[in-house]
Amino acid sequence: MGLLEDCQKLFGSSDLYEVLGVGRSSSEAEVRRGYYKNSLKVHPDRAPDDQQATTRFQTLGKVYAVLSDAEQRAAYDEQGVVDEESESLKQERDWDEYWRLLFPKISLQDILDFEKTYKGSEEERLDLLRLYGDCSGDMNRIMDAAMCAGPDDEPRIRLILQAAIDGGNLPALQAFTHESDRKKAARKRKADTERAQSEQLKKELGMDNDSSLSAIIKRRTATREADFSSLISRMEEKYCNNKPAAVKKTKTKK
């Protein structure tokens, strides 16, 4: 059975793009994220004894291998066929090792380093401008969705958005420009509660103010799935850009 048939059987579609949940015009990075997102659901570490999950995981690896190769993707787009004899689709390939080469584990230090360069950058400013529109100027939603942002970042974020409004780059939405004092107070109470809980936990664990655990506690991305997924996607693009070479089959000793 070929790859397209496997996709139809396992995912209900023989369209490789549909299997990864991306469009035909998707960029290489978008295809990569589609592969990452879908493969996480069936990774062998999550269900080591589930043979169907393992088969789905391996098939997703083959789909990505085709769409990440410029020549194979072009051939598939033009003819709707896959070269089953290509090096990237060989059955003996270790698809788990292939996945781990693509997505090496991102450390806490990687995240902290990313935050240092992200905060105050043009990338952050553009993200905040986009969030302002997506959230219709609602600061509760903006603060919930902003990457690497905690309660202490709100004044800085407000200044960035207000400057964009004053400069004509954003519309003056009433939810932002006329936010009620009651809503601001509620958000502040929530921030104070989070801060108090963080300080209490640090005391219980005997951690100092500069500890890495303190940084984790303050980092709201750990409790916001959408924000965390977005952050990890950015980290993947920054640290995991190298495509893995074909994994060689280990020779057994005689």
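Reading from the N terminus on, the elements of this protein run α-α-α-α-α-α-α-α-α-α-α-α-α-α, and the count comes to 14 helices and 0 strands. Please keep in mind throughout that what we are looking at is a predicted model. Of the 254 residues in the protein, 41% are buried, and among the contacts between residues at least 6 apart in sequence, 67% join residues at least 24 apart. As for the surface, the protein exposes about 15200 Å², with carbon and sulfur atoms supplying 49% of that area.

Let me turn to the interior. In soluble globular proteins, nonpolar side chains tend to be buried together. Here the largest nonpolar core has 28 residues, and the members that touch the most others are Leu3, Leu16, Leu20, Tyr35, Val63, Leu67 and Val82. The elements giving two or more residues to this core are H1, H2, H3, H4 and helix H6, which spans 95-102, and H4 gives the most, with 8 residues. If we take Tyr35 and leave aside residues up to four places away in sequence, its contacts are Leu20, Leu60, Gly61, Tyr64, Tyr98, Trp99, Leu102 and Phe103. There is also a second, separate core, made of 17 residues, which includes Tyr132, Met139, Ala146 and Ile160.

I would like to spend a little longer on helix H5, residues 70-79, in which Gln72, Arg73 and Tyr76 are buried. Why do these buried residues line one face of the helix? Seen down the axis of H5, they fall within an arc of 100°, and so they line a single face. This fits the general geometry, since an α-helix has 3.6 residues a turn, so residues three or four places apart point the same way. The cover over the buried residues of H5 includes helix H1 (3-11), helix H2 (16-20), helix H3 (28-41) and helix H4 (51-67), whereas the face turned away from the buried side carries the exposed residues Ala70, Glu71, Glu78 and Gln79.

The two ends of H5 also deserve a look. At the N-terminal end, Asp69 acts as a cap, with a side-chain oxygen 3.1 Å from the backbone nitrogen of Glu71, and after the helix comes Gly80, whose phi is positive, near 70°.

Finally, the cysteines, for those of you who will ask: how many disulfides does a search of the whole structure find? The search finds 0. Of the cysteines, Cys7 is buried, with a relative accessible area of 0%, and Cys135 is buried as well, at 6%.

Methods. Residues numbered from 1 in each chain as written. Predicted model: local features only at pLDDT ≥ 70, side-chain atom pairs only at ≥ 80, totals over all residues. Heavy atoms only, no water. Buried < 20%, exposed > 50% of the residue type's maximum accessible area, 1.4 Å probe, protein only. Helix = DSSP H or I, 4+ residues; strand = E, 2+ residues; numbered from the N terminus. Arc of directions from axis to C-beta. Contact = heavy atoms within 4.5 Å. Polar contact = N/O pair within 3.5 Å; in protein donor to acceptor, adjacent residues only side chain to side chain. Core = buried A, V, L, I, M, F, W, Y, C linked by side-chain atoms within 4.5 Å. Disulfide = S-S within 2.5 Å. Areas by Shrake-Rupley, 256 points an atom, 1.4 Å probe, with all protein chains shown as cover.
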